[in-house]
Amino acid sequence: MQSTDLGNKESGKIWHRKPSPATRDGIIVNIIHNTSDYHPKVLRFLNVAFDGTGDCLIAGDHQGNIYVFDLYGNRFNLVQRTAQACTALAFNLRRKSEFLVALADYSIKCFDTVTKELVSWMRGHESSVFSISVHASGKYAITTSSDTAQLWDLDTFQRKRKLNIRQSVGIQKVFFLPLSNTILSCFKDNSIFAWECDTLFCKYQLPAPPESSSILYKVFAVTRDGRILAAGGKSNHLHLWCLEARQLFRIIQMPTKVRAIRHLEFLPDSFDAGSNQVLGVLSQDGIMRFINIQTCKLLFEIGSLNEGISSSAISPHGRYIASIMEDGSLNIYSVQALTQEINKPPPPLVKVIEDLPKNKLSSSDLKRKVTSGRVQQPAKSRESKIQTRILKQDLTGDFESKKNELPDGLNKKRLQILLKGYGEYPTKYRMFIWRSLLQLPENHTAFSTLIDKGTHVAFLNLQKKYPIKSRKLLRVLQRTLSALAHWSVIFSDTPYLPLLAFPFVKLFQNNQLICFEVIATLIINWCQHWFEYFPNPPINILSMIENVLAFHDTELLQHFIDHDITSQLYAWPLLETVFSEVLTREEWLKLFDNIFSNHPSFLLMTVVAYNMCSRVPLLNCNLKDDFEFFFHHRNNLDINVVIRQVYHLMETTPTDIHPDSMLNVFVALTKGQYPVFNQYPKFIVDYQTQERERIRNDELDYLRERQTVEDMQAKVDQQRVEDEAWYQKQELLRKAEETRREMLLQEEEKMIQQRQRLAAVKRELKVKEMHLQDAARRRFLKLQQDQQEMELRRLDDEIGRKVYMRDREIAATARELEMRQLELESQKRLYEKNLTENQEAVAKEMRADADAYRQKVDLEEHMFHKLIEAGETQSQKTQKVIKENLAKAEQACLNTDWQIQSLHKQKCDDLQRNKCYQEVAKLLRENRRKEIEIINAMVEEEAKKWKEAEGKEFCLRSAKKASALSDASRKWFLKQEINAAVEHAENPCHKEPRFQNEQEDSSCLPRTSQLNDSSEMDPSTQISLNRRAVEWDTTGQNLIKKVRNLRQRLAAQARHRCQTAHLLAA
């Protein structure tokens, strides 16, 4: 078993040497996917699906990597990275390079394996999609989740229908029946419905299974012909339903080891016509067992307890099984290797006693009597023992030669004997026997090369000449004929080749390789010398048939001659259709069992035998049309009689006219490459090819010219139509214009009449209007005169009232100005008093500071003089002591030295202490300087704050003044002026404490006299009340500004004096 690790490769070979799967396990290759990152890990495969051909499969792992494995080309490719796990796959779409993948985010995406691009993105499910079923045509797809199933159109990728159910029921699976237009829906309550795909009409419902063997269905499988449904679940029982009869016809009990069934799938066979007999059953133990549903026998199994299988998929042609193992790897099995023991041909019914070597037995030892029941044996010798076997049949004939030996252990002579005994081969083994008789090489590579060349030009329009209903059958026929034409040029010009190949194509439509090789072998051996007179029918072959017919049935041949019927009418139609038109399927298969088992001349003898067995109806025919109809339609003829007649003709025909003397013996196709077929007049074929090419080119030129002419004709027709339409339009326009003119004339006449009537009415209205206007004017003049008189009286009253009110306002304003003048005088005297008191307080403080300073200076001088006196006194005492103790100093020299040292030390201490005192004094001076700066900053900040407060008060007062001035009402204006005067009188009182706290300089006192000059104003010069109010406001503001400047100067002088005092103290 080979093992392949995908690693981080995006493409490569699946296997590196030709696989040879063992019969025991049948594994072709084991595929694993390990990452080579820093932390290596195994990526587990989750789903796998085959394409329509069965030679390619697609697999996805749990990280969203999707690989395509080409088992025929031995290549794998990474086609997509979805970055999330896939839950279902489908690879059998109509566009072969596209596939569907259901992802973990509940969406379905369609990708292209060639371009590796996203084709479409389908959403709509609300839970994980676990099944994707594609219609046989590839146009529709059904996606199934636990709560819904949705039908999609794969041409537009739009959702067509949605199946909604109750949550209590649940969906098990919804899928298309193979090769059918029916949808099968299976639910968790074991109900199964069949629906029509186009109309979604419910066709039928399967009845409930019997209660004795009722199980909950979990998994389902359908045969390729759609007739049998297999269902299983958590039980070891399998239910087989016949969908045609709509009833349960069989219950199969699996071995006791099987407790639950996880997956079901039928194994297709090329020769069972879709009625699959082998069913794969995957159970809970990871082993997939394949059983025959008819015989209920276990055929083979894959997987084991140690290497269990989690899911499997089988290719459509039944050659491969792809299984995802429980460890996440992917195993690919060969069905041929697994079924090698099963597909062995049955033991021959005929047993032949062979001779022993001459050196062991003499001729006398072989003599024995053989009876129906007993066999008499010769005397046994001591040297050897000879076993005997009781035979059921008495046999005659010669010993077989090596040329009769066939592949797969078959013997041609024995098969011929069996065929003569039963008349045909067993249906089950017929195709196997044919392949052995024809010794087909199965050259896959050579056949793929022919197929890859595409459809031959000669068969592009095959459906027009042969309208076959089945598109698949037509496609297979077209491919097979194209492969034959690519193999040999003559087959592209052979008109009867489709008739010759069609029965074999219909028989082998699921295996195109076998179909091609069977037809090629038939042409090489049974169609010898057919193409020597090409393109005419094979006259030499027809002459052989005529000679044999003349020998065996002269009357019939003479009848043909009398009615001018040649061999091209009674023999060639049978040959070119290989009897497919005149025989049924069963009769045709029986006939070719005999043809393939005998010499190539058997086919020609069959033509003669068919005519001889039909001599009675043929002798009754007199018209040529009757003969043509006879050889192109089925007739009431027993094929067994014809076959016996053929064998009789083969034995009784003389050698000189026997076809086997002119035809070669059977020659099989060569292995690896197909032989060159050139048994035809090459010059004729080449000439025909050239002529056909010339005719094709002429036809293309003709078609182009005809297309050009048609285009020109279409343009001319279009132009003519446009011209006719234009002329018709112009005619309609002319008629419409004439009609419109007549209508306009009529309308104009009506308008003239209406205008005349309207003019008369207008004149009458004008006259009435003039009379009314004259009356209204007179009435208006009178009313206006009355109003003017009333207005004059009102104005006189208003003037008298205004004069009276103005006099009162002037008197009130004069009184108010006098009161304001008195208030300003009193405020002026109050300010002067406050300034005088502040100046006296400042002078008093300055005198007190000066007295304190003089006292401090006197105290310091007294202390300094006292210190000097104390020093002089201490000096005198010291001198006295020194003079008194001078005598003693000499005696105490040692003590003096110590004292000197002590005094030196004290001196150093004093110097150090003095230095410290100086540093402390310096620090104190620095601290005093910084304190002064802080005090100055605080004073400046205080001044700024006061200035800002005054500015805000001024703004507030200005706003109030503006509000008072905007009042238009006189009464309210006077009231506002009174309130403003009261507020103006109250504001200075609130500021008195602040003025008292400020220090003022006495040098600024003369400046207060300026207040009288600036505040005195003549009231007689005022013109109006508004102007006077504005002037009073301006005067008040100037006064406040001057007071503010005076305070600032006084504060500055006070700060200057404080600094001078501190410096003197320092």
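Here's a quick briefing on strand pairing, a charged surface patch and two unusual backbone angles in this structure. Keep in mind that this is a predicted model. Strand E3 (residues 27-32) is largely enclosed by the rest of the structure, because five of its six residues are buried. Elsewhere, five strands make up an open sheet, and Lys96 joins three arginines in a positive surface patch.

**Strand E3 and its partners**

- E3 pairs with strand E1 (residues 2-5) in the parallel sense, over four bridges.
- In that part of the model, Gln2 sits opposite Val29 of E3.
- E3 also pairs with strand E30 (residues 330-334), this time in the antiparallel sense and again over four bridges.
- Here Ile31 faces Leu330, a residue of E30.
- As background, strands of a sheet pair through backbone hydrogen bonds, and they can do that either parallel or antiparallel.

**The five-stranded open sheet**

- If you walk across this sheet, the strand order is E2-E7-E6-E5-E4, with antiparallel pairing.
- Strand E2 (11-12) and strand E4 (45-50) are the edge strands: each has a single partner strand, so one side of each is left without a neighbour in the sheet.
- Strand E6 (residues 65-70) and strand E7 (residues 75-81) run antiparallel and are joined by six bridges.
- For a residue-level view of E7, look at Leu78, which is the bridge partner of Tyr67.

**The positive patch**

- Four residues form this surface patch: Lys96, Arg471, Arg475 and Arg479.
- Arg479 belongs to helix H6, which covers residues 471-487.
- Arg479 counts as partly exposed because its relative accessible area is 38%, which lies between the 20% and 50% cut-offs.

**Positive phi without glycine**

- Phe157 isn't a glycine, yet it has a positive phi of about 55°.
- You'll find Phe157 in the loop that links strand E14 (148-153) to strand E15 (158-164).
- With a relative accessible area of 11%, Phe157 is buried.
- Val578 isn't a glycine either, and its phi is also positive, at about 45°.
- Val578 lies in a loop too, between helix H12 (572-576) and helix H13 (585-596).
- Val578 has a relative accessible area of 1%, so it counts as buried, the cut-off being under 20%.

Notes
Residues are numbered from 1 along each chain as its sequence is written. This is a predicted model: local features need pLDDT of at least 70, side-chain atom pairs count only at pLDDT 80 or more; totals for chains, interfaces and linings use all residues. Side-chain values use heavy atoms; hydrogens and water are left out. Patches are made of residues with over 30% relative accessible area and no salt bridge: like charges are joined within 9 Å, nonpolar side chains (Val, Leu, Ile, Met, Phe, Trp, Tyr) within 5 Å. Accessible areas come from the Shrake-Rupley method with a 1.4 Å probe; for residues, only the protein chains shown count as cover. A salt bridge is a side-chain nitrogen of Lys or Arg within 4 Å of a carboxyl oxygen of Asp or Glu. Lys and Arg count as positive and Asp and Glu as negative; His and the chain ends are not counted. The place of a charge is taken as NZ of Lys, CZ of Arg, CG of Asp or CD of Glu. Helices (H or I, at least four residues) and strands (E, at least two) are DSSP runs, numbered from the N terminus. Buried means under 20% relative accessible area, exposed over 50%, partly exposed in between (1.4 Å probe, protein chains only). Two strands pair if DSSP finds at least two bridges between them.
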